[in-house]
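Q: I've got a new model open and I'd like to learn how to read it feature by feature. Can we go through it together?

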Amino acid sequence: MSGEPGRGEAPLLYSEGNAAARVALEREVRGWSTTELAARMTKAGVPMNQTAVWRIENGNPRRKITLDEALGFARVFELPLEELMSPPLEGVDIEGRRVVQEAVEAFYEARDAQDRLHHAVVAIADYIAAHPDSSTGIHEQCLRLMGEERDARALTEYIESGGYY
């Protein structure tokens with residue numbers, strides 16, 4: 001039983017062949033070279049060189065992926081192992097994957113920025129509570145740093161409400 005398409009059998013849902021194809025796809029979507037992926041794998045604790053990445057993606061025969069490497073790829077690509085082992089999505093080409101990846105990264109960056117803003121606003125609100133006479137000065141400092149009255153007013157409103165959320 002080969003599990004290869006075209007031989008009268010259904011392809012395996014999770015397979016090493018899928019993982020190799022996904023490694024190539026995920027690397028390309030992120031715009032990484034094989035050298036960069038190898039460096040990221042090594043940094044993640046799974047030493048690998050560029051040749052190994054190339055042989056996994058293109059070798060004939062293809063280089064096998066060890067369990068440690070599969071876990072490393074999943075970590076580097078920030079994917080569940082099951083996702084790494086599953087076939088690429090139908091109808092979503094590299095460009096589609098790239099724009100989704102960009103949106104996901106922007107989403108997490110925005111969420112992290114919102115968290116930073118919330119913590120900073122709470123810290124300023126706590127400061128004002130401990131120093132009640134500083135409220136006007138805080139607003140003026142916001143205006144100086146931001147340059148826009150509307151933006152400074154919006155930040156001041158966040159501070160007065162005790163948080164960004």
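Q: Let's start with a single side chain. Does Gln101 count as buried or exposed, and why?

A: One thing up front: this is a predicted model. The general idea is to compare the relative accessibility with a cut-off, and buried means under 20%. Gln101 has 17% relative accessibility, so it counts as buried. Gln101 sits in helix H6, and beyond its neighbours up to four places away in sequence, it touches Val29 and Arg30.

Q: Okay, zooming out: how many helices and strands does the chain have?

A: Eight helices and zero strands, so to speak an α-α-α-α-α-α-α-α pattern when you read along the sequence. Of the 165 residues, 32% are buried. For surface, the chain exposes about 10,900 Å², with carbon and sulfur atoms supplying 54% of that.

Q: And what share of the contacts with a separation of 6 or more comes from residues 24 or more positions apart?

A: That share is 56%.

Q: How do I read the packing of a helix? Take H2: which of its residues are buried?

A: List the buried residues, then look at where they point around the axis. In helix H2 (residues 34-43) the buried ones are Thr34, Leu37, Ala38 and Met41. They cover an arc of only 100° around the axis, which puts them on the same side of H2. The cover over these buried residues includes H1, helix H3 (50-58) and H4.

Q: Which residues of H3 are buried?

A: Ala52, Val53, Ile56 and Glu57. Looking down the axis of H3, you find its buried residues within an arc of 130°, so they line one face of the helix. Here the cover includes H1, H2 and H4.

Q: Now the backbone. What should I expect of phi and of peptide bonds in general?

A: Most residues other than glycine have a negative phi, and most peptide bonds are trans. Now the cases that go the other way. The peptide bond from Asn60 to Pro61 is cis, with omega near 5°, and Pro61 is in the loop between H3 and H4. Glu78, although not a glycine, has a positive phi of about 55°. There is also a glycine to look at: Gly45, just after H2, takes a positive phi of about 100°.

Q: Where is Glu78 placed, and is Glu78 buried or exposed?

A: Glu78 is in the loop between H4 and helix H5 (81-85). With a relative accessible area of 72%, Glu78 is exposed.

Q: Last topic, pockets. What volume does the largest pocket have?

A: About 350 Å³. Once you have the volume, ask who lines the pocket. There are 16 lining residues, and the closest to the centre are Arg30, Phe77, Glu78, Gln101 and Val104. So to tie that back: Gln101, with its 17% relative accessibility, is buried, while Glu78 is exposed.

Q: Which elements give two or more residues to that lining?

A: Helix H1 (16-29), helix H4 (67-77) and helix H6 (94-130). The largest share, six residues, comes from H6.

Q: And how does the lining split by class?

A: The lining of the largest pocket has seven nonpolar, one polar and eight charged residues.

Terms used: Residues are numbered from 1 along each chain as its sequence is written. This is a predicted model: local features need pLDDT of at least 70, side-chain atom pairs count only at pLDDT 80 or more; totals for chains, interfaces and linings use all residues. Side-chain values use heavy atoms; hydrogens and water are left out. On a 1 Å grid over the protein atoms alone, a cavity is a set of points where a 1.4 Å probe fits but cannot get out, and a pocket is an open set with protein on both sides within 12 Å along at least five of seven lines; lining residues have an atom within 4 Å of a point. Grid points are joined across faces, edges and corners, and a volume is the space filled by probe spheres set on the points. Helices (H or I, at least four residues) and strands (E, at least two) are DSSP runs, numbered from the N terminus. Ala, Val, Leu, Ile, Met, Phe, Trp, Tyr, Cys and Pro count as nonpolar, Asp, Glu, Lys and Arg as charged, and the others, Gly among them, as polar. Buried means under 20% relative accessible area, exposed over 50%, partly exposed in between (1.4 Å probe, protein chains only). The arc is that of the directions from the helix axis to the C-beta atoms. Contact means heavy atoms within 4.5 Å. Accessible areas come from the Shrake-Rupley method with a 1.4 Å probe; for residues, only the protein chains shown count as cover.
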